[in-house]
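This report describes the fold, the cores and the main pocket of one protein chain. Please look over the sequence and the structure before reading on.

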Amino acid sequence: MKAEVISIGDELTSGERLDTNSRWLSQQLGDLGIRVLFHTTVGDDLEANVAAFHAALERVDVVVATGGLGPTADDLTRQSLAAVAGVDLVLDENVLEHIRSLFASRQREMPARNDIQAMFPSGSLVIPNPHGTAPGIDLRYPRAGQADSRAFALPGVPAEMKEMWAATVAPSISTMLGNQQHVIRHRRLKCFGVGKGPLEQMLPDLIQRGRYPSVGITVHKATITLRVTAREETPEHCLAAMRSTLDSIHAHLGPLVFGDEDDELQHAVTRALERRQQTLYTVEWGSGGLLADWLTDTRSPAYAGGMVVNSVATASRFFGEQCATLPERDLARQFAKVSRERAQTDYTLVIGRYPEQPGGRVAFGLATPGGVAVISSARFAIANPDILKERNIKQALDWLRLKLLTA
């Protein structure tokens, strides 16, 4: 069974609001074992809505839509579904009474325009909305030569949408699935240290179309995520189906894999420090405290704090007058050595000044119980400064992570 999620509203197509409903609904559909093939976002336009629903109902088995069920002139979901189905809108007296009672319970007079919320495409079912005035719509759509598709229209208010999903829509879809019910589960492995192309070459035959379980690969600011996906009868069966693939990835990539699911490099570093009951201090020049922010967000007792340096004058005051003339690598070494002594931590990680011109490098310093080491970052290319900043912080963290693996 295949699905499409439709989000409706000018506030979404204009970029004024972020569509979080589609993500949530896709996760819920995946939990039921249904693959979501399309996400559609459409503005408050009747012709566009009709076209979107018609295309969706023809190409997938289940359509779940949010938005457009309010009482105003730009709420067009019910009219769109009626037009696609070729039927009239009819009044449901029970729903109308429910809406009136909601207004009465709030000691408010119901505006006449709210009557439209009790109108439904003829032959459709009502999806109750216990705490809102916008009930949903459950509509079957006949398709030539194949089984009927089905549209579930829900309000855009997340709290109402989620309640209605759990109480009515999910059970209805489960009934549709019958004895073919499955679940879809994903496992994500996080990698750092090589580019996407070289990493793919290290995984022979794993990232191929049609392979089961499937392995997808995405890159975000130098972090590579491998997503393994399985569809089975139970979550336990999914994990069993993925096990050999996960093991194979670990075997081929080794320490390039630093974590899973929502892990970032700072989590891998602080976990390793905690296991050793060791601590870390940081010094940053040019990264604006982003490294300290990441490490602070882990809430790990292993992170003792850090310093952000933004000028030669500040560097000289804290680390000695020679800072004004030291080469970058020597400067990183001085920062690391002095900071570890003063902070009395096991490790101090230093990110040096960022180059003013493309093609330069950043010096990283690391003071450990065994001494001080210095390396340089990858060469800076012409790219967005935020991407370069995050990539270099990750490179420094990964350097420390690998040191901890062998400490």
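Contact here means heavy atoms within 4.5 Å. By that rule, and not counting residues up to four places away in sequence, L397 touches L265, Q266, V269, L291, W294, L295 and L349. The model is a predicted one.

**Overall form**

The chain contains 13 helices and 17 strands. Its C-alpha atoms fill a box of roughly 85 × 50 × 40 Å along the principal axes. The radius of gyration is 28 Å, whereas a compact globule of 407 residues would have one near 22 Å. Buried residues account for 46% of the 407 residues. Of the contacts with a separation of 6 or more, 65% are between residues 24 or more positions apart.

**Nonpolar cores**

In soluble globular proteins, nonpolar side chains tend to be buried together. The largest nonpolar core in this chain has 27 residues, and L280, L349, I351, L397 and L400 have the most contacts inside it. At least two residues of this core come from each of helix 9 (265-276), helix 10 (290-297), strand 15 (347-351), strand 16 (363-368) and helix 13 (385-406). Helix 13 supplies the largest share, six residues. Another core, of 26 residues, lies apart from it and includes I6, V42, I99 and M110.

Is Q266, one of the residues touched by L397, buried or exposed? Q266 counts as buried because its relative accessible area is 9%, and the limit for buried is under 20%. Q266 is located in helix 9. Leaving aside neighbours within four places in sequence, Q266 is in contact with W294, L295, T298 and L397.

**The largest pocket and helix 2**

The largest pocket has a volume of about 960 Å³. Its lining has 27 residues, of which G30, I184, H186, R227 and T229 are the closest to the centre. By type, the lining residues divide into eight nonpolar, nine polar and ten charged. Helix 2 (21-31), strand 2 (35-42), strand 9 (183-191), strand 10 (214-220) and strand 11 (223-232) each give at least two residues to the lining.

Which element gives the most to this lining? Helix 2 does, with five residues. The buried residues of helix 2 are N21, S22, W24, L25, S26, L29 and G30. These buried residues pack against strand 1 (2-8), strand 2, strand 3 (62-66), helix 6 (158-177) and strand 9. After helix 2 comes G33, with a positive phi near 85°.

**Backbone features in loops**

Y212 and P213 are joined by a cis peptide bond, with omega about -5°. P213 belongs to the loop between helix 7 (196-201) and strand 10. Two residues other than glycine with positive phi are listed below.

| Residue | Phi | Loop | Relative accessibility |
|---|---|---|---|
| Q107 | near 55° | between helix 5 (93-105) and strand 5 (119-121) | 75% |
| A222 | near 75° | between strand 10 and strand 11 | 24% |

Q107 counts as exposed because its relative accessibility is 75%, and exposed means over 50%. A222, at 24%, counts as partly exposed. The loop that holds A222 joins the surroundings of strand 10 and strand 11, and both of these strands supply at least two residues of the lining of the largest pocket.

Definitions and conventions
Residues numbered from 1 in each chain as written. Predicted model: local features only at pLDDT ≥ 70, side-chain atom pairs only at ≥ 80, totals over all residues. Heavy atoms only, no water. 1 Å grid on protein atoms, 1.4 Å probe; cavity = no way out; pocket = protein on both sides within 12 Å on 5 of 7 lines; lining within 4 Å. Points joined across faces, edges and corners; volume = space filled by probe spheres on them. Helix = DSSP H or I, 4+ residues; strand = E, 2+ residues; numbered from the N terminus. Nonpolar A, V, L, I, M, F, W, Y, C, P; charged D, E, K, R; others polar. Core = buried A, V, L, I, M, F, W, Y, C linked by side-chain atoms within 4.5 Å. Buried < 20%, exposed > 50% of the residue type's maximum accessible area, 1.4 Å probe, protein only. Rg over C-alpha atoms; globule rule 2.2 N^0.38 Å.
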